Amino acid sequence: MPAMTHARSIPTLTVILAAITIFAVGLMVSLSSTSSMRAHAQSDCSQPASDGCPVDLNSLVQASLTDASTTHNWLVNVQVANDFTVTLTNLPGDYEVTVYGPDPDYVLLGQSNNPGTQDEVVGVSNIGPGTYWITVDSPSGDASDDPYTLLVTSVPVVVEATPAPANEAPTPGPTAVSFGAYGTPVTRPFLPY
């Protein structure tokens, strides 16, 4: 494959991987209402929890915000420094999500407070490994017995290859031998075009 064609395929591959990731997250969110996709917080932890309930990276949890004066606290342990996304979906009310971290400082990393029942999404860029604190609440005072879904997904790291400079001359390949007038051998290099 010529170098230029290969160099153009790397960005295409990146776009395809991003599309697959977005599709997978969308599929997980859409299937979250089925019992086969219900993920879990640890069984001994229920919301509201002032110390936070653990949620695994690349999983989802569901909980009901039945009292608008409370805040639900979730903890996610990120062991590898890569990007991740926090998505709050299937909202029965006007909720918001906020992400702090990593421990021990817990600085504000992002917040999403869309109007109404729109999904809330916070992307966290490669901050580093550690425990991150996620809060779910309703500043507008909404509460419901219907559960919301919190999805925490890692974003795969895409390594892009550096394309070869376009102005480099191709390296000659094997040498061909042909015969000129009077049977004199003449060598000509093959160029890899």
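**Note on the sheet and core of the predicted model**

1. Phenylalanine 84 has valine 124 in β7 as its bridge partner. β4 and β7 are antiparallel and are joined by 5 bridges; strands count as paired if DSSP finds at least two bridges between them. Strands are DSSP runs (E, at least two residues), numbered from the N terminus.

2. This is a predicted model, in which local features need pLDDT of at least 70 and side-chain atom pairs count only at pLDDT 80 or more, while totals for chains, interfaces and linings use all residues. Residues are numbered from 1 along each chain as its sequence is written, and side-chain values use heavy atoms, with hydrogens and water left out.

3. An open sheet of 4 strands has the order β2-β9-β4-β7, with antiparallel pairing. β2 and β7 are the edge strands, each with a single partner, so one side of each has no neighbour in the sheet. On average, neighbouring strands are turned by 15° against each other, direction ignored (axes are lines fitted to C-alpha atoms; angles run from 0 to 180 degrees between N-to-C directions).

4. The largest nonpolar core (buried Ala, Val, Leu, Ile, Met, Phe, Trp, Tyr and Cys joined through side-chain atoms within 4.5 Å) has 24 residues, of which Trp74, Leu88, Val97, Ile134, Tyr148 and Leu150 touch the most other members. Elements giving two or more residues to this core include β3 (72–78), β5 (96–101) and β8 (130–137).

5. Leucine 150 touches, among others more than four places away in sequence, Leu60, Trp74, Leu88, Val97 and Ile134; contact means heavy atoms within 4.5 Å.

6. Threonine 131 lies in strand β8. Threonine 131 counts as buried because its relative accessibility is 19% (buried is under 20% relative accessible area, 1.4 Å probe, protein chains only). Its contacts more than four places away include Leu75, Val76, Pro102 and Tyr106.

Note on methods: Buried < 20%, exposed > 50% of the residue type's maximum accessible area, 1.4 Å probe, protein only.
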